[in-house]
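Hi everyone, thanks for making time. Let me put the structure up on the screen, and then we can walk through a few of its strands together.

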Amino acid sequence: MTPNQRLIVAILLSTIFFVGYTAIFPPAQPEETTMAQSQNKVVSTTSTQQTVTPRVEDVAGHAIAPQEQISSDATNLVVIKNDKFILKIDTLGRIASKELLEEKFRNDDNLHAQVIPADGQKPLYVRFADATLNAKAITTPYTASVSEVTLGENPVNVVLTQKLPDLTVTKTLTFYADGHYDAVITTSKDARHFVYLGDRPHVSKKLMAVAGALIYTGDDVAHIIEDGDAEGRQVFSDVKLASTFDQYTAIIMYGFKKDTNVIVERGKDDNPVVYFEAMQNENLHGYIGPKEHKVLKSIDPVLTNAIEYGWFTFAAKPLFALLSWLHGIFGNWGWAIIALTAIIRAVLYPLTYKGMVSMQKMKELAPKLKELKEKYGKDPQKLNAMTMEMYKKHGANPLGGCLPMLLQIPVFFALYRTLLNAVELQGAPWILWINDLSRMDPYYVLPILMGASMFLQQRLTPNNFTDPMQEKVFKYLPVVFTFFFVTFPSGLVLYWFVNNLFSIAQQFIVNQQFQNAKDAKAAVEKKSEK
């Protein structure tokens, strides 16, 4: 294979593996008795992780077992309703559940999304460092100032009180219609205690969507610990927000004091458990719900950092901003995706054009390169020298068709992550049968069209295969990609399909230009012969 062919094959196979393997073979859950061997995934160039002090070490690690013992004993104490959600607080002062009532927010079973899992850690759970006091706390129910309330435009206050033998815990919670809340947690005397963020939602986790915990620190670094990757204990300070999240939803706490210790610990199945060391009088804020950029920004701009795009955040954030701006113009996310694809293709046009021209030149040189190989095959140094001379003479570059493609890969994956994590696409229709761009095409029309467009693009793209097996592999790639794209969200397939159409149009123009140049050259030669 030529260097050009090897690089193309490597790119395509890497893409197939990167997207397809995770979809077909999701990572297995580790055994509870096995320590995770992988490193915590951190989106950062620097770290603000702190050294664990003995004081934290003495009590950290004792939260999980007591929490599991009490999870089935608590009952609902307060119910808060509005037209968008139903939130329930249990007798242990925890936010026990939040059901999203809007039709677009449904889980993989097509039921109303329940953001807080039924089992495990729950938001605002308080655990005391003193074992005797904690034993009383997990068996003593809270009382509430209200039992049921309807939340309108005005915020609602709920006061929770837990009277222990030597201490009283008071939680004053203020809930808002946009999904966020304020929390003031006080104890009647100083007793060391911790407040829990809650286990991540299990609403949706498709394809390569990341799920786990995110700690965003004052140096603008997002530390991400994925499910199954928590290794022991980490302590962070100067935390701007802490979040546990899945593809579209998150449980967030923010407004921490700069010196607050936020702890991430290894829990069940090596999943992260997040809690912080609270003061006697603690004042913070929280949000539970979809990661809608517009909503989060309106509450507090810092919350937009809870929307993570992995390593491609630097490119994905501006792409989403552009996509949102286009949505404001077209009023439809499908047309916004098409417009965004057109803009990206226009920006990358010089690169893609250069690559296509280079591939055409390499195709024309293929017979001459074959002659050189037959003539100098036994002298590799001479063959290389003559080959490079031929490249220079005809202005060809063996990597010219691949380098522009390599530069486009970060853009593609950034857009892939943008569309994959955009909760705004949930329930967003495009045209005809596509009534939810976050779900797969129910009739498989878009994936088939995408595969057909990829096949046509292959037919138009010049190649210089010398190995029949290589040619067969390339011929079957549209079928393989169609198979993988069947379960992809419609928004992603729409982007790839439209991108293929632009590539086909551009390749057709380049091919026609080369043909016209060849015809003109032939006409000149024929005229000179006469």
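Let's start with F85: its bridge partner in strand β5 is L100. Please keep in mind that this is a predicted model. That pair belongs to a longer contact, since strand β4, residues 85–90, and β5 pair in the antiparallel sense over five bridges.

Now, where do these two strands sit? They are part of an open sheet of four strands, in the order β5-β4-β3-β8, with mixed pairing. At the edges you will find β5, covering 95–100, and β8, covering 148–150, and each of them pairs on one side only. If we ignore direction, neighbouring strands in this sheet are turned by 15 degrees against each other on average.

Let's move along the chain to another strand, β16, which spans residues 239–245. Which strands pair with β16? One of them is β13, residues 212–217, in the antiparallel sense and over six bridges. If you would like a spot to look at there, find G212, which stands opposite F245 in β16.

Strand β17, residues 249–254, is also joined to β16, this time by five bridges, and these two run antiparallel as well. Here you can look for S243, whose bridge partner in β17 is I252. Together β16 and β17 make a hairpin, with three residues between them.

One last question: is β16 largely enclosed or not? Six of its seven residues are buried, meaning under 20% relative accessible area, so β16 is largely enclosed by the rest of the structure. Thanks for listening!

Technical notes. Residues numbered from 1 in each chain as written. Predicted model: local features only at pLDDT ≥ 70, side-chain atom pairs only at ≥ 80, totals over all residues. Heavy atoms only, no water. Buried < 20%, exposed > 50% of the residue type's maximum accessible area, 1.4 Å probe, protein only. Pairing = 2+ DSSP bridges. Axes fitted to C-alpha atoms, helices over the stretch in contact; angles between N-to-C directions.
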